[in-house]
Amino acid sequence: MDSLGIYISVPFCRSKCTYCNFASDVHSASLQEPYVARLCQDIRSIRQRAARSGASIPRRVESVYLGGGTPSVLAPRLLRRLWQVLLEEFEMAPAAEITLECAPGQLEDSVLDAMLESGLNRVSFGVQSFVDREAAVTGRLHTREIVIRDLHRVMSAGVERVNIDLIAGLPHQTPASWKESLDLLLESGVEHASVYMLEVDEDSRLGRELLAEGSRYHAGSVPGEDLTAEFYEMAIASLEEGGIRQYEISNFARPGGES
């Protein structure tokens with residue numbers, strides 16, 4: 001192995017999705033600085049720690065993905081600090097793919113500017129649904145209008161490589177509403193889409209409610225597995241027809257737009 005792909009997890013969110021059991025939460029902004037400081041410490045020491053195990057870490061990097069959580073909520077100065085340490089420890093390939101994961105409505109101009117300075121060339125939006133009710137009942141803070149605005153803003157800033165995440169099987173989702181989300185994704189002009197079937201962890205709020213047969217998080221409105229599978233098959237067919245072809249289980253791209 002002579003090159004790396006680097007994934008950095010940023011566990012900060014402005015809201016916690018009901019179905020999510022990732023290592024992320026609504027933490028105080030005061031924790032961002034010590035978290036990034038520890039990340040920088042770990043990056044600087046990675047070669048020494050690898051050597052103790054008889055391993056070596058290549059310097060060349062082909063891709064960097066800032067995921068989470070919602071890394072776009074980090075303060076710009078912290079993003080710049082993190083990027084500077086990456087550049088000190090690694091050599092970015094000329095065509096390295098640099099991705100920032102964002103929640104619609106949670107990408108400030110100052111953050112976008114800081115990432116563009118760092119070579120950002122790809123943005124991944126966690127849309128999940130273009131239908132406002134479906135987004136709201138799962139804890140998302142955006143509306144369709146916000147999504148469309150942010151897509152235009154990012155593309156106008158020069159980021160040509162944009163991904164949209166959608167989730168099949170959200171509470172209250174129907175064949176008609178799912179088609180609406182797929183149609184709007186195609187209309188957006190993005191080059192890449194990720195489509196996931198809802199997986200409800202039993203330790204998430206929605207998962208606990210499903211087990212207890214409660215109603216606060218709309219567990220009773222989650223489509224069954226067969227219907228969710230139909231939504232997934234609809235996505236494959238609809239995106240293919242629109243020129244976005246499946247190349248991995250959950251990933252779809254226009255020719256040349258694969259991540």
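**Entry 1: V137**

I started with V137, which counts as buried because its relative accessibility is 14%, and the cut-off for buried is under 20%. This is a predicted model, so I read every value here as computed from that prediction. I then looked up where V137 sits, and found it in helix α4, residues 132–137.

Which residues does V137 touch, leaving out those up to four places away in sequence? I listed T18, P171, H172 and H218. I followed up P171 from that list: 34 residues separate V137 and P171 along the chain, and their C-alpha atoms are 7.3 Å apart.

**Entry 2: P171 and H172**

I found P171 in the loop between β5 and α6. Is P171 buried or exposed? P171 is buried, with a relative accessible area of 0%. I also checked P171 against L198: the two are 27 residues apart in sequence, and 9.6 Å lies between their C-alpha atoms.

Next I turned to H172, which has its place in the loop between β5 (161–168) and α6 (175–188). I noted a positive phi, near 75°, in this residue other than glycine. For background, I remind myself that most residues other than glycine have a negative phi.

**Entry 3: L170**

I stayed in the loop between β5 and α6, where L170 is also found. L170 counts as buried because its relative accessibility is 1%. Setting aside neighbours within four places in sequence, I found L170 in contact with Y19, Q128, S129, E134, T138, L198, S221 and P223.

I also looked at a pair with a long stretch of sequence between them. L170 and G257 are 87 residues apart in sequence, and their C-alpha atoms are 27 Å apart in space.

**Entry 4: Q128**

Q128 was on the contact list of L170, so I gave Q128 a look of its own. Where does Q128 lie? I placed Q128 in strand β4, residues 122–128. Its phi is positive, about 70°, although Q128 is not a glycine. Q128 is buried, with a relative accessible area of 9%.

**Entry 5: a cis peptide bond**

I checked the backbone for peptide bonds and noted a cis one joining G68 and G69, with omega of about 15°. As a rule, most peptide bonds are trans. I found G69 in the loop between β2 (60–68) and α2 (76–89).

**Entry 6: F12**

I looked up F12 and found it in the loop between β1 (4–10) and α1 (32–52). F12 is buried, with a relative accessible area of 4%. I paired F12 with A29: they are 17 residues apart in sequence, with 8.3 Å from C-alpha to C-alpha.

**Entry 7: the nonpolar cores**

Which residues touch the most other members of the largest nonpolar core? I wrote down V64, L86 and L185, in a core of 57 residues. Another core lies apart from it, with seven residues, among them Y19, L170, L198 and A219. L170 and L198 were already in my notes as a contacting pair.

I then took V64 by itself. Not counting residues up to four places away in sequence, V64 touches I6, W83, L86, M92, E97, I98 and T99. In soluble globular proteins, nonpolar side chains tend to be buried together.

**Entry 8: stepping back**

I finished with the whole protein. How many helices and strands are there? I counted eight helices and eight strands. The C-alpha trace spans about 50 × 40 × 40 Å along its principal axes.

I compared the radius of gyration with that of a compact globule: for 259 residues the globule would be near 18 Å, and the protein has 19 Å, which agrees. Of the 259 residues, 48% are buried. Among contacts between residues at least 6 apart in sequence, 75% join residues at least 24 apart.

For the surface, I noted about 12600 Å² exposed, with carbon and sulfur atoms supplying 50% of it. My last look was at charge: I noted 25 positive and 38 negative side chains, and the centres of the two sets lie 8 Å apart.

Note on methods. Residues are numbered from 1 along each chain as its sequence is written. This is a predicted model: local features need pLDDT of at least 70, side-chain atom pairs count only at pLDDT 80 or more; totals for chains, interfaces and linings use all residues. Side-chain values use heavy atoms; hydrogens and water are left out. Helices (H or I, at least four residues) and strands (E, at least two) are DSSP runs, numbered from the N terminus. The radius of gyration is taken over C-alpha atoms; the globule rule is 2.2 Å times the number of residues to the power 0.38. Buried means under 20% relative accessible area, exposed over 50%, partly exposed in between (1.4 Å probe, protein chains only). Contact means heavy atoms within 4.5 Å. Accessible areas come from the Shrake-Rupley method with a 1.4 Å probe; for residues, only the protein chains shown count as cover. Lys and Arg count as positive and Asp and Glu as negative; His and the chain ends are not counted. The place of a charge is taken as NZ of Lys, CZ of Arg, CG of Asp or CD of Glu. A nonpolar core is a set of buried Ala, Val, Leu, Ile, Met, Phe, Trp, Tyr and Cys residues joined through side-chain atoms within 4.5 Å.
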